Amino acid sequence: MIKRIPPIFRNFYVMASLIFAVWMLFFDSNDLISQFKLRRKLSQLSGQREYFLKEIEKIKKDREELMNNKELLEKFARERYLMKKDGEDIYIIEYED
């Protein structure tokens with residue numbers, strides 16, 4: 001029966017390397033499937049990072065404009081936080097779709 005096994009598979013180092021490779025590819029915690037999933041997750045997070053960096057830049061620009069322009073700051077406060085001057089009445093008009 002041993003004679004039917006090819007000589008290359010009778011070598012201890014070849015068998016050990018083959019078993020190690022199979023173990024690392026399929027059974028280890030860092031197997032190929034996990035690596036592909038992690039790589040896909042990394043690309044998704046990189047895309048989200050780019051989006052949020054653009055949003056941060058936009059918000060910084062808007063904040064800088066608000067802090068330097070009194071009329072724009074007053075408009076923002078009136079619309080967003082419903083602030084008013086003394087003696088003013090505010091009416092909120094909501095449109096239905």
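Phe 12 and Tyr 13 are both exposed in this model, which is a predicted one. Their rings nevertheless form a pair, with centres 5.5 Å apart and planes at 75 degrees, and because planes over 60 degrees apart count as edge-to-face, that is how the pair of Phe 12 and Tyr 13 is classed. By the same rule the structure has four aromatic pairs, and another of them joins Trp 23 to Phe 27, whose ring centres lie 5.6 Å apart with planes at 40 degrees, so that this pair is tilted. Trp 23 and Phe 27 both belong to helix H2, which covers residues 12-27, and they stand four residues apart, or about one turn of the helix. As for their surroundings, Trp 23 counts as partly exposed at 47% relative accessibility, whereas Phe 27, at 56%, counts as exposed.

Helix H4 offers a second place to look. This helix runs over residues 70-81, and its 12 residues reach 16 Å from the first C-alpha to the last, close to the 16 Å expected at 1.5 Å a residue. At the N-terminal end, H4 is capped by Asn 69, a side-chain oxygen of which lies 3.3 Å from the backbone nitrogen of Glu 71. Just after the helix, Leu 82 takes a positive phi of about 55 degrees.

H4 also takes part in the salt bridges, of which the structure holds three. Within the helix, Glu 74 forms a salt bridge with Arg 78, their closest N and O atoms being 3.1 Å apart, and because the two residues are four apart in H4, about one helical turn separates them. Glu 74 is partly exposed, with a relative accessible area of 35%, and Arg 78 is likewise partly exposed, at 28%. Arg 78 has a further partner in Glu 88, with the closest N and O atoms 2.9 Å apart. Glu 88 lies in the segment after H4 while Arg 78 lies in the helix, so this pair ties together parts that are 10 residues apart in sequence. Glu 88, at 26% relative accessibility, counts as partly exposed. Taken together, Glu 74, Arg 78 and Glu 88 are linked in a network of salt bridges.

The remaining salt bridge involves Glu 50 and Arg 49, whose closest N and O atoms are 3.9 Å apart, a distance that qualifies because the cut-off is 4 Å. Here Glu 50 is partly exposed, with a relative accessible area of 43%, whereas Arg 49, at 52% relative accessibility, counts as exposed.

Note on methods. Residues numbered from 1 in each chain as written. Predicted model: local features only at pLDDT ≥ 70, side-chain atom pairs only at ≥ 80, totals over all residues. Heavy atoms only, no water. Phe/Tyr/Trp six-rings, centres within 6.5 Å; stacked < 30°, edge-to-face > 60°. Buried < 20%, exposed > 50% of the residue type's maximum accessible area, 1.4 Å probe, protein only. Expected span 1.5 Å × (residues − 1). Polar contact = N/O pair within 3.5 Å; in protein donor to acceptor, adjacent residues only side chain to side chain. Salt bridge = Lys/Arg side-chain N within 4 Å of Asp/Glu carboxyl O.
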